[in-house]
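Visitor: Could we go through this structure together? I would like to start with individual residues and then turn to the interior.

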Amino acid sequence: EQRAGGVSPPLRPGAPRRAFAAASTDDTSSPSAWRPAPLEPVTSAYVHLPFCRRRCYYCDFAISVVGDAVESDAVRQGMEAYVDRVCREIENTPFAPSTAAAGDEKDYPLRTVFFGGGTPSLVPPDLLRRVLDALRSKFGLEPDAEVSMEMDPGTFDDAKLDGYLRSGVTRVSLGVQSFDADVLKLAGRAHTVSEARAACAAVAQAMRDAQKREDEEHEFSDKKKSFSWSLDLIGGLPGLTSEVWRASLAEAVFFAPDHVSVYDLQIEEGTPFHKWYEPGEGVMPDDETGAAMFRDASAVLRDKGFEHYEVSSYAKPSKRCRHNQVYWNSGRQGWYAFGMAATSHVDAFGERVARPRKMRDWESWVDAMPPFRVQNASENVYGDVAKETKTFTETEIAELRASALMERLMLGLRTRDGIDLDLIASEFGPHVPGEILEVLAEQPAGLAVVATRDGKDERDAASAPAVSYEPSALLCDDDDDALRGSGTVVRLTDPEGLMVSTEVISTLVARLPSLEKL
Amino acid sequence: DASSARGRASERKKRTRGGSARRRERRQARRKTRIRARMASAAPASRGAARASTAARDAPFAAAANGPGRFRRDGNGRNRLVAVRAPRRWTTRAAATSGDANVVIKPKKERAKVDPSAVLQVPPSQIRNFSIIAHIDHGKSTLADTLLSKTKTVAARDMEAQLLDSMDIERERGITIKLNSARMNYVANDGETYVLNLIDTPGHVDFSYEVSRSLAACEGALLVVDASQGVEAQTVANVYLALENDLEIITVLNKIDLPGAEPERVKREIEDVLGLDTEDAVVASAKANIGMEDILENIVKMIPPPPDTGDEPLRALIFDSYFDPYRGVVVIFRVVDGNLGVGDAVKFMNTGKSYTIDEIGIMRPQKVPVNRLSAGEVGYMIANIKSVADARVGDTITTTKDASTEPLPGYSEATPMVYCGLFPTDSDQYEDLRVALGKLQINDAALRYEPEQSSAMGFGFRCGFLGLLHMEIVQERLEREYDLGLITTAPSVVYKVYTSDGACVDIANPADLPDASVRDRIEEPFVKLEMFAPSDYVGSLMELAQQRRGEFIDMTYLSESRTCLKYDIPLGEVVTDFFDELKSRSKGYASMEYSFNEYRKSDLVRLDVLINYEPADPLACICHRDKSYVMGRGLVDKLKELIPRQMFRIPIQASIGTKVIASTSISAMRKDVLAKCYGGDISRKKKLLKKQAAGKKRMKQFGKVEVPQEAFMAVLKVDQNAGSGG
């Protein structure tokens, strides 16, 4: 497995500082002994607020269209009923096995909460507060927790925004999508360019004010809230040209957000776009233009001091979205999820539990939940605990293991942090890093790099055989026993590697001997 | 309409009854002269020769047929029934469906006496052996099924559509690949019980040798023609084969119940094109059960009984054999002379192999064991034979003692006409593929295979087939029955390459073609092609044949609106998309048939394909020099379409020797990234990645380039229409 004939010394040799004793690593060569590494106690929650004024032409999310009469009593009542049911779902949800196993649940209050949608900013602040209160009373909420919510321009004023912040929201993800009127119109967005500009200015100001207030009120606290906001754009929309795109990027930077998300239009089946457009035809930007937009975004934003820390995410230093990083670190961290169509991940076997996508189905799903009983803790554990102790057949184990490895690769390679080969070796076997490097070495140059974690030594993964892998120090944080690799990581380059990440990852999935059982 | 047809038929029956013998003689004489004239014009030398030999062979046969009928007697001089003991699982069915009244079922565990009453024994004069020949879809299998139920050989409740087509593929495609036969008892209008042996024929040109051997086992044939479609290419080819075997032909106009039926027009066509008398043609519908009585009566009346040669040394013609995993090879044969029974030591005259018969019996169509079978009868035998290659169709069975000196004529080895490479998609399946091919070959003597290896494709096999259908069937069976993922390279014919030192090598793989510098000449196989089509499409079909280097021979009008075109054309041009083109140009109305003619010198070159500057052997093809530019251009363009973009630019070139004659390139992939907002739900993304990865796994790598399966058939999909008009 190891690449023979390595001319240069391995990137960072070293003996493990301390042997670690994760169940998974006792004997990685025997598949039947394999078990997924345990999750950390779950401290994240996603809440789906599905209401939208209308459906955008590209959208295939599970949403609930309420029309323009957002302020009407009927709509308010509908939202109230939904929110109350979400609260009931929160109340009746058992704790994750990893949390339960770690002892007192109250020791692990939530660190991140994310309100996604839909258009969460259609939900009045007092209702949002109800959900946060329910979360707080069930799981606890760190005082400095990151509480994100998606907001759309044109759905809020200063007072409403202030209401959210006072309810506990610390981070706003503003769905601007574009600063071009035609593009917004073609996409079927409900807001205008002037609304987008006003919203950006308002959010930026509100966040500055909130931070100032926080700094004053909790001057000496070490659990001070950090307020930030993200400006979200979509690339590849119909009507976009390179000029329009660059203008939108420039305007986005002008508002000085802490974070920018640049999503890429995916035309999903069943959407109007799917019926209307073919890539490269008419107003649809072609492949070449799409690639140029990705490059432009990367260049412009990095130039302004943003770190491209995930395929579609850019952040100023220390302003990464903590909640989203939980998703990408899903081999270690799980999350609760509440509301229609929301997907949770609380067990170490990687199983995602998706709630029903239709409102009525989800309602019956919640109504059918057994009530949470404080007395009998053993019944209150989420998911199938028996799984943790169950004996699997060799085939099942091989499949679980391949599936876990695939997830690790596909999520890890989307991030700036990349995949940690030492961790991969410890969890999936010492031969796996070699396999990965071998496949990457066959790819064209300039797409992937092998680097030390501190970034001092960095080489093109295609420059085999100069790159070899040897396990480096595997460390155990004395605090929480979590594994931390010290050495070699593999990541895709920005923008060239990230731009073809799907291709690179699918090549790995196709060729990695360890993924054959997938 | 149906009742009037029946009325007409019975009226005709009355007419025929008086002096039918005389009429028959007249009819035969008329038929023969017409056909001779026709065949002389159609297929001069080779057909004439073939005909002469068959006539000579069948002479004693025919003479015997006219002699007095003799009963087969047992030791006491009585006509007797052969004792039969049926194994338990089929006795019930045999009992329930047998036409005889006194059936006794005696299930016993050990091998025992055969139940004497299970199979009716009759003298040769009451036996009729016949086949059904037809163009595809003209209703052959349905007719066979209806006859089986009409004679109560198979009870209606046991009827499964297309009973004689036993393979899944056969039923799905509506074609017969493996032969079957069935013995029926029929009480004719004259009060006698006749034994009718129906010998099914495979319905495709790829298997014409097997068809001819089946026909050689008969004295007559039912020619089934669709009463609305009329004479088609296969009809003609099959009639030729039947005439070569000197069979009495009973014409059946089938599907008469359909609104488009035009029996009179079709009769005229049959008379004009085939030279057959249609005075006694039966108007029928197997589906609606019209005219079945007439057909059965005509079989009894018109088809001559087999000659009674039961006392001569044994000669039995093998017309089919198949492998049964529990019993070994089951040999299906027609006893021509003499008789044979359980325990006899027999020898196959062409392969020279000897066996002792373990079991012998007849088909109904399930196997029913008997003790002996005698001249004129059709049956099966099981003799611990390991492979169908040891019991080849066309071989003669004789006894070891008192052996016949002269084998039956017409035996020939199977010669594969089309070759292609079969490679497992997953290289781990190479061993499975080898085993599967071995198993298929046990049951398919015409299948050839030998290991082939290429840097891009890995390990696989070069396989030889009788034709395109045979190739498709084998591929499909490998994929379906053995669950193998296969990549198939474009089919190639066998070229005879003469090197400058005078040696001749057979080349079935374009990659093996010797270098131009050592080649003297290349010969390629030519076939005689017949296309039948409505006259409206003649122009378009002529254009097609000319594009494919066909040389026009002849055009005849079957009727005002239907035409037969004959071409001399290289087989290599036919085993491409020719049939698809024919069908699309004629809106599905045209049919075609071809037969091997000869090897002839052609100005051929090898067209190499280079992907990313590396030669891709499995994509190389041999084509005519005049067409090489069109092919080269078409091939690189097609490959550009079929090979997905990759992360770097891929030049694709076609070359002859070192000279590049066409080139194009696939530009590098610009972007492939999933940057969508998603709330932690990765299941869809995971699915997408898995799908993309699965696609990659099926691809083969040429250097760094991943080439999908479809690309290996690209040469078949090249649009040749754009190119030279011949």
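Guide: What follows concerns a predicted model, taken up residue by residue and then by its nonpolar cores.

Visitor: Where does D324(B) lie?

Guide: D324(B) belongs to strand β7 of chain B, which covers residues 315-324.

Visitor: Is it buried or exposed, and what is the nearest side chain of opposite charge?

Guide: D324(B) is buried, and the nearest side chain of opposite charge is that of K367(B), 4.2 Å away. A salt bridge requires a distance within 4 Å, so D324(B) has none.

Visitor: Which residues does D324(B) touch, leaving aside those up to four places away in sequence?

Guide: On that basis, D324(B) touches V330(B) and K367(B).

Visitor: Changing topic: why does T396(B) count as buried?

Guide: T396(B) counts as buried because its relative accessibility is 0%. T396(B) lies in strand β16 of chain B, residues 396-399.

Visitor: What lies 2.9 Å from a polar atom of its side chain?

Guide: The backbone nitrogen of L408(B) lies at that distance from the T396(B) side chain. Beyond four places in sequence, T396(B) also touches other residues, including R315(B), F348(B) and P407(B).

Visitor: Now the interior. How many residues has the largest nonpolar core?

Guide: The largest nonpolar core has 94 residues, and I436(A), I611(B), L635(B) and L639(B) have the most contacts inside it. Helix α13 of chain A, residues 394-412, gives the most to this core, with eight residues.

Visitor: Which residues does a second, separate core include?

Guide: That core, of 91 residues, includes Y58(A), V113(A), L122(A) and V366(A).

Notes
Residues are numbered from 1 along each chain as its sequence is written. Chains are lettered from A and ligands numbered from 1 in the order in which they are written. This is a predicted model: local features need pLDDT of at least 70, side-chain atom pairs count only at pLDDT 80 or more; totals for chains, interfaces and linings use all residues. Side-chain values use heavy atoms; hydrogens and water are left out. Helices (H or I, at least four residues) and strands (E, at least two) are DSSP runs, numbered from the N terminus. Buried means under 20% relative accessible area, exposed over 50%, partly exposed in between (1.4 Å probe, protein chains only). Lys and Arg count as positive and Asp and Glu as negative; His and the chain ends are not counted. Contact means heavy atoms within 4.5 Å. A polar contact is a pair of N or O atoms within 3.5 Å; within protein, one must be able to donate a hydrogen and the other to accept it, and residues adjacent in sequence count only if both atoms are side-chain atoms. A nonpolar core is a set of buried Ala, Val, Leu, Ile, Met, Phe, Trp, Tyr and Cys residues joined through side-chain atoms within 4.5 Å.
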